[in-house]
Amino acid sequence: MPRRFVVASILLAAALCTVAVPAAAALAIASAGVLGLTRSDVATEASRQQALDKATAESAPLTGSGSLAPAPGRTQGSTFDQSTDRAQRVSATLTVEVSDPDAVSRAAQDALDLTRSLGGYVVSSSVATGEEGSASLTVRVPVAKVQEAITGLSGLGRIVSQQVTIDDLQGTLDQLEKREATVRGQIARIRARLESETLDPQSEAVLRTRLQTLRTELTELRTGISSTEGEARMSTIQLAVVTPGAFGAVAPPSSRIDRTIDEALNVLAWEGVVALGLLIVLAPFALVAFAAWLGRRLYRRHEEERLLAT
């Protein structure tokens, strides 16, 4: 095969590449721009909706009639009604804002002093100092004085958030006490049989095993009753003391052009991955087909020139 035919085939392949590659690149960039613009609009709408939901949640009053319904036997609000005689688990979360880090330490110490003066105790305490000081305390105070505690803690600074949650424990306590009475009755009857009746060894062994099981259950029931009554006697309060800078600054939203460029670059990256995969898979077949076509064409042209020359 003459050398000029080989050179011609190479030049033809290069010409095809110079036309096809820029066209494919232009199509990829255009599609990426369109998709990037569309996705940026969707992202903008989603971010706006998220910001609106957050603002609504932060500005909504703290009451028990929020969007999330409390569990059965549970009420939520910002105050506590002490007039009921039912056993209840009372917990409160409170966030107050003070002027500077030095005021954080003072507020934390005042909270500890108030807790002890009300007959309570500290479960955990953490105070961080620095440019943006903060404190986190968990305390327990008698339920009878929880409203006084909340009022005193609220006076430590500006109230940022406040929530009181009440779980009814009376039903659980009633069930435990009822079961305890039943178990005590069964124990009394078994002991009476063991003391008054003449039993065969097998029957006596069965009763004594049953008696031991009931005594273990009675111990567990009394522990549960004591724990439930303890929960009903003492409330749990979680206090957070922060400074204005502790909330951090909100980053300004990016412009639509920046979002469009970012989305377009992401689309181009994915298109590049897909194109590379297709190229790896199809390139050998394409080269074989192109070589066969080019060889056949050059051979026919060579034959025609040879026939014309004779």
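**Exercise 1. In what order do the helices and strands follow one another from the N terminus of the protein chain, and how many of each are there?**

Solution. Reading from the N terminus, the elements of the protein chain run α-β-β-α-β-β-α-β-α-α-β-α. In this predicted model, the chain holds six helices and six strands.

**Exercise 2. Find what share of the residues is buried, and then describe the largest nonpolar core.**

Solution. Begin with the whole protein chain, where buried residues account for 26% of the 310 residues. Next, turn to the largest nonpolar core, which has 27 residues, and in which Leu137, Leu153, Leu156, Ile237, Leu239 and Val241 have the most contacts. At least two residues of this core come from each of the elements β2 (88-97), α2 (101-117), β4 (134-142), α3 (146-154), β5 (158-168) and β6 (234-242). The element that gives the most to this core is α2, with six residues. As background, nonpolar side chains in soluble globular proteins tend to be buried together.

**Exercise 3. Which residues make the nonpolar surface patch of about 430 Å², and where does Leu278 lie?**

Solution. The patch is made by Val274, Leu278, Leu282 and Phe285. Of these residues, Leu278 can be placed in helix α6, which covers residues 256-309.

**Exercise 4. Locate the patch of positive charge on the surface, and decide whether Arg296 is buried or exposed.**

Solution. The patch is where Arg296, Arg297, Arg300 and Arg301 gather on the surface. Arg296 has its place in helix α6. For the last step, the cut-off for an exposed residue is over 50% relative accessible area, and Arg296 therefore counts as exposed, because its relative accessibility is 61%.

Notes:
Residues are numbered from 1 along each chain as its sequence is written. This is a predicted model: local features need pLDDT of at least 70, side-chain atom pairs count only at pLDDT 80 or more; totals for chains, interfaces and linings use all residues. Side-chain values use heavy atoms; hydrogens and water are left out. Patches are made of residues with over 30% relative accessible area and no salt bridge: like charges are joined within 9 Å, nonpolar side chains (Val, Leu, Ile, Met, Phe, Trp, Tyr) within 5 Å. Accessible areas come from the Shrake-Rupley method with a 1.4 Å probe; for residues, only the protein chains shown count as cover. A salt bridge is a side-chain nitrogen of Lys or Arg within 4 Å of a carboxyl oxygen of Asp or Glu. Helices (H or I, at least four residues) and strands (E, at least two) are DSSP runs, numbered from the N terminus. Lys and Arg count as positive and Asp and Glu as negative; His and the chain ends are not counted. The place of a charge is taken as NZ of Lys, CZ of Arg, CG of Asp or CD of Glu. Buried means under 20% relative accessible area, exposed over 50%, partly exposed in between (1.4 Å probe, protein chains only). A nonpolar core is a set of buried Ala, Val, Leu, Ile, Met, Phe, Trp, Tyr and Cys residues joined through side-chain atoms within 4.5 Å.
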